[in-house]
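Please examine the structure shown here together with its sequence. The account is meant to be read alongside both.

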Amino acid sequence: MAIQLLKSGPLISVQDSGRFLGLQDGIPVSGVMDKNLFFETNRILKNKINSPSLEIFMQNFQIKFTKNTCFSFGAYDAKVFLNKNKIDLLKAYSVKPGDILKIQKINKGVWSYLSVKGGFNSQSVLGSCSYYKKLNMQAFKNKNDLLNYDAFEGQIKSSEAQLNEIDDANIELDCIALPEFKFLSETVKYQLFNAEFTLSRNSNRQAYQLNERLDNTLSEITTGAVLPGTVQFTSGGHLMILMRDSQVTGGYPRVLQVEENSLSRLSQMRPDDKIKFKLSEEF
């Protein structure tokens, strides 16, 4: 038996920390958008740190447990109910068959995580359970879809959460410089680290785009390797931060690489939130 999906939000998928075995074939890394929150839900359950979890975008999510287990729900600020009782975030809870979990509202951030004891039993492809449609993996998005897990009869004593709250609508992203950074003019370099940028509404698991435009005189490159966190500078002068489902090569100049902790924090931002770039070291 399994959890049963009763109500689906706009995007739900099984994720772990991602795959690297398929890069040579153009398969994205994928994986959880916020690694900090994902790892914490598994730590609380005393799971292996990379145990597959459900990643949920925003609210309107409801599931039914069909066998005993313990779960932890990770979000930064949310109203979540187990049956009719509001629960605390990042705590271990025991459930029995028929119990219903519901997200009523996500107040801060956009991604949340549901982990169960032992992780979900999901198909692994190229060393990862992270969902990617083109690999024909099991989806979990339609009403009454099932996702299996092994029953767990015990209880888990919750440990203190070890996760800092995310900042409000403004963050500074720690970055390192990438190969094409050195070809930027001094004016553009100054703007890059002193201007405030606005997160576009045209953002998804492939890339977060920024609204502001800088003067770009760089030529496109033939092609180059990219990873989640790579900041590309488009021919139109816009900055694009690649996210977990990004392509593995690209032709736009690569100017910065957002460090992992900052990338997780960025993933939780909403359209019209503000960011700044901070250079920690050059390439």
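The paragraphs below discuss the sheets, a helix, the salt bridges and a pocket.

The coordinates are those of a predicted model. A convenient place to begin is an open sheet of five strands, arranged in the order S2-S3-S10-S5-S8 with antiparallel pairing. Its edges are occupied by strand S2 (11–15) and strand S8 (92–95); each has a single partner strand, so one side of each is left without a neighbour in the sheet. On average, and with direction ignored, neighbouring strands of this sheet are turned by 25° against each other.

At one end of that order, strand S5 (residues 69–74) pairs with S8 in the antiparallel sense through four bridges. Within this part of the sheet, Ser 72 is found opposite Ala 92 in S8. Helix H1 (residues 35–44) lies across S2, strand S3 (53–57), S5, S8 and strand S10 (111–116). The helix runs at about 25° to S10.

Another open sheet consists of six strands in the order S7-S6-S9-S4-S1-S11, and here too the pairing is antiparallel. Strand S7 (85–86) and strand S11 (146–148) are its edge strands, each pairing on one side only. Inside this order, strand S4 (residues 61–65) and strand S9 (residues 100–108) run antiparallel and are joined by four bridges. Phe 61 has Ile 103 in S9 as its bridge partner.

Side-chain charges add further links. The structure holds eight salt bridges, one of which is formed by Arg 205 with Glu 55; the closest N and O atoms of this pair are 2.6 Å apart. Because Arg 205 lies in the loop between strand S13 (197–198) and strand S14 (207–213), whereas Glu 55 belongs to strand S3, the pair ties together parts that are 150 residues apart in sequence. Strand S3 is also a member of the five-stranded sheet described above.

The last feature is the largest pocket, which contains about 350 Å³ of space. Its lining comprises 19 residues, and those nearest the centre are Leu 11, Ser 13, Tyr 131, Lys 133 and Asp 245. By class, the lining has eight nonpolar, seven polar and four charged residues. Leu 11 and Ser 13 fall within the residue range of strand S2 (11–15), an edge strand of the five-stranded sheet.

Terms used. Residues are numbered from 1 along each chain as its sequence is written. This is a predicted model: local features need pLDDT of at least 70, side-chain atom pairs count only at pLDDT 80 or more; totals for chains, interfaces and linings use all residues. Side-chain values use heavy atoms; hydrogens and water are left out. On a 1 Å grid over the protein atoms alone, a cavity is a set of points where a 1.4 Å probe fits but cannot get out, and a pocket is an open set with protein on both sides within 12 Å along at least five of seven lines; lining residues have an atom within 4 Å of a point. Grid points are joined across faces, edges and corners, and a volume is the space filled by probe spheres set on the points. Ala, Val, Leu, Ile, Met, Phe, Trp, Tyr, Cys and Pro count as nonpolar, Asp, Glu, Lys and Arg as charged, and the others, Gly among them, as polar. Two strands pair if DSSP finds at least two bridges between them. Helices (H or I, at least four residues) and strands (E, at least two) are DSSP runs, numbered from the N terminus. Axes are lines fitted to C-alpha atoms, for helices over the stretch in contact, and angles run from 0 to 180 degrees between N-to-C directions. Contact means heavy atoms within 4.5 Å. A salt bridge is a side-chain nitrogen of Lys or Arg within 4 Å of a carboxyl oxygen of Asp or Glu.
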